[in-house]
Amino acid sequence: MPDDLKLGFAPFSSLHGVLVVFCAQNLKFGPATQKALAPAGDLVRRAAAADRFTGKSGAALDIVAPTGLNVPRLIVVGTGKDGALKQKDIVKLGGIAMGRLPATAATATIFAESGAGAFKGEQVADLMLGVRLRAYAFDRYKTKRKDDDERPKKIEVNIACSSPAGAEKAWQRCIGVADGVVLARDLINEPANVLYPAEFARRASGLGKLGVAVEVLDVAAMKKLGMGALLGVGQGSVHESKLVVMRWNGGKKGTPPVAFIGKGVCFDTGGISIKPAQGMEDMKGDMAGAACVVGLMHALAARKAKVNAVGAIGLVENMPDGKAYRPGDILKTMSGQTIEIINTDAEGRLVLADVLHYVNKRFKPKFMINLATLTGAIIVALGQEYAGMFANDDKLVERLTKCGEETGERVWRMPLGPEYDKMIDSKFADMKNTGGRWAGSITAAQLLQRFVDKTPWAHLDIAGTALGSPQTDINKSWSSGWGVRLLDRLVEDYYER
Ligand code: BES
Ligand code: MN
Ligand code: ZN
């Protein structure tokens, strides 16, 4: 984030700083844009011809000091085919517009209009969402500015639209989602020496000011509950494990909540089955599932969603140590089932086993969705485009798939089945924590399924989508905050009264 990013809405008549406008294929501009560009005569047409710019989706035409216009620079961004734009396209356009601003720009105006005409209130807010998410950068630990850094400290971006007041209102509904994504990204980017379980719990407790009830369970409380799997993973760390339960009650009193569960491994060394050094620093992000749950709870509370929702995150650090759990150990979960440890690096499923059972038993939720950077194998299968989705409920699958397509946070269903389940049977305990090299993401999901009973449930393996700079037009950061928008949409479309 620039040190200071000021966002606002203005009428189409207001032109300050770099001007960004949109056009459809064949240089088709909306009426307000045409009017604003009229004083430049045929400048845009000539520049477009010279640059072979026609308005293809994502293409841009950059004109410095445009004659006739009182702006330092005009940037025309193509939207491609004419016609109605989908929500995710508009969010994306906001990101593209923000990304096209030259580094030196301190002020910019973005016209909220496509070839088909001016955006409506919610669309203007979606455009702003894209701007906000694209502008995100995690640079709080950069203390020095390079000498040749000409970026302004403050950036002001105004969106010009037909009803600034209406857009502002729509944005106030949308801003909670934007802030939720930013919160998730910040948590994920934060290094593990700063963000260990207690500090994570403290930050999650900040949701209290939005009206979220936050409980933090410590090791003693979890021992009492019998969470031997979660505690086993955390026992090699000097940082105490925590379980955070967040509740937002915006729905009818007494109706069962929807529940979101996150893997919060603040750092995953692999434990005694230690990981190779190469790339291990990325394992500070092994709490992305938990971060998404916190971001989502923020979003729901900020927009006062009419739903009862529970968010629960298991926070641990997986370290090699004299006290650490080892291969061969048998852990007893809160559900009573026992797990033989084959590999201490398969720790996320152990944490989730206890949290899923706990949430199911305590809240009897309408459904449970868990998010976890669970397996490297899901990255091999799906890359960074789709999260792996495993579920016992077709309706949930259908809804998640639809919301994924709409928000651009897409999910791809993977199989579950008794044949895979057999792969985690153990000689010594009820199950083992890994099923060998094959179908690694599926056997991990099979283990989770043993802790959800009949409750409708979906597991999203976000190892590929959450971390490692998944490059999109609305994110240039290492972490994406993946899942906040998807699940906010799911709640809004299907579970608010
Ligand atoms: N946190 C990792 C999975 C991961 C890998 C997330 C890469 C993000 C990027 C998880 O705890 C893990 O280590 N999984 C192992 C499981 C194996 C030991 C059965 C894996 O995927 O290799
Ligand atoms: Mn691991
Ligand atoms: Zn892990």
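**K263**

I began with K263 in this predicted model and looked up its accessibility. At 1% relative accessibility, K263 falls below the 20% cut-off, so I noted it as buried. I placed K263 in strand β11, which spans residues 258-268. Next I checked its surroundings. The side chain of K263 makes a polar contact with the side chain of D286, at 3.2 Å. I also looked up a partner that is remote in sequence: L371 is 108 residues away from K263 along the chain, yet the C-alpha atoms are 6.5 Å apart.

**The zinc ion**

Which protein atoms are donors to the zinc ion (ligand 3)? I found K263 (NZ), D268 (OD), D286 (OD) and E347 (OE), at 2.0 to 2.4 Å from the ion. So K263 and D286, which I had just paired through their side chains, turn up again as zinc donors.

I then went through the angles. The six donor atoms around the zinc ion (ligand 3) subtend 78 to 174 degrees, and I wrote the arrangement down as octahedral because of these angles. Along the chain, the zinc donors follow the spacing K-x4-D-x17-D-x60-E.

**The manganese ion**

I turned to ligand 2 with the same checks in mind. The manganese ion (ligand 2) is coordinated by D268 (OD), D345 (O), D345 (OD) and E347 (OE), at 2.0 to 2.2 Å. I noted that D345 appears with both O and OD in this list.

Is the site of the manganese ion octahedral or irregular? The angles among its six donor atoms run from 70 to 166 degrees, and I have the site down as irregular. The spacing of the manganese donors along the chain is D-x76-D-x1-E.

How far apart are the manganese ion (ligand 2) and the zinc ion (ligand 3)? I get 3.1 Å, with D268 coordinating both ions. I then looked at where two of the donors sit: D268 is in strand β11, while E347 is in the loop between β14 (338-340) and α10 (348-363), so the pair ties together parts that are 79 residues apart in sequence.

I checked the cover of both residues too. D268 has a relative accessible area of 3%, so I count it as buried. E347 is buried as well, with a relative accessible area of 1%.

**Ligand 1**

I listed what surrounds ligand 1. There are 16 residues around it, and K275, D286, D345, E347 and G376 come nearest. I recognised metal donors here: D286 and E347 from the zinc ion (ligand 3), and D345 and E347 from the manganese ion (ligand 2).

By class, I sorted the shell around ligand 1 into seven charged, five polar and four nonpolar residues.

Then I looked at individual atom pairs. In the side chain of E347, an N or O atom is 2.8 Å from an oxygen atom of ligand 1. On the backbone, a polar atom of T373 is 3.4 Å from a nitrogen atom of ligand 1. For L374, a backbone N or O atom lies 3.5 Å from a nitrogen atom of ligand 1. On its own, ligand 1 has 520 Å² of accessible area, and the protein covers 77% of it.

**Two positive phi values**

I moved on to the backbone, with a reminder to myself: most residues other than glycine have a negative phi.

My first entry is L27, with phi near 55 degrees. L27 sits in the loop between β2 (18-23) and α1 (31-37). Its relative accessible area is 10%, so I call L27 buried.

My other entry is A439, where phi is near 50 degrees, again a positive value in a residue other than glycine. I found A439 in the loop between β18 (431-432) and α14 (440-449). With a relative accessible area of 28%, A439 is partly exposed.

**Helices α16 and α4**

How many residues of helix α16 (residues 484-494) are buried? I have eight of its 11 residues down as buried, and noted the helix as mostly covered. The buried ones are V484, R485, L486, L487, D488, R489, L490 and V491.

I closed with V124, which I placed in helix α4 (residues 121-135). V124 is buried, with a relative accessible area of 1%. I also checked V124 against N475: the two are 351 residues apart in sequence, and their C-alpha atoms are 19 Å apart in space.

Note on methods: Residues are numbered from 1 along each chain as its sequence is written. Chains are lettered from A and ligands numbered from 1 in the order in which they are written. This is a predicted model: local features need pLDDT of at least 70, side-chain atom pairs count only at pLDDT 80 or more; totals for chains, interfaces and linings use all residues. Side-chain values use heavy atoms; hydrogens and water are left out. Donors are N, O and S atoms within 2.8 Å of the metal (3.2 Å for Na, K and Ca); water is not among the atoms, so sites may look incomplete. Four donors count as tetrahedral if all angles lie between 85 and 135 degrees; four count as square planar and six as octahedral if opposite donors are over 155 degrees apart and all others between 65 and 115; anything else is irregular. Buried means under 20% relative accessible area, exposed over 50%, partly exposed in between (1.4 Å probe, protein chains only). A residue is near a molecule or strand if one of its heavy atoms lies within 4 Å of it. A polar contact is a pair of N or O atoms within 3.5 Å; within protein, one must be able to donate a hydrogen and the other to accept it, and residues adjacent in sequence count only if both atoms are side-chain atoms. Accessible areas come from the Shrake-Rupley method with a 1.4 Å probe; for residues, only the protein chains shown count as cover. Ala, Val, Leu, Ile, Met, Phe, Trp, Tyr, Cys and Pro count as nonpolar, Asp, Glu, Lys and Arg as charged, and the others, Gly among them, as polar. Helices (H or I, at least four residues) and strands (E, at least two) are DSSP runs, numbered from the N terminus.
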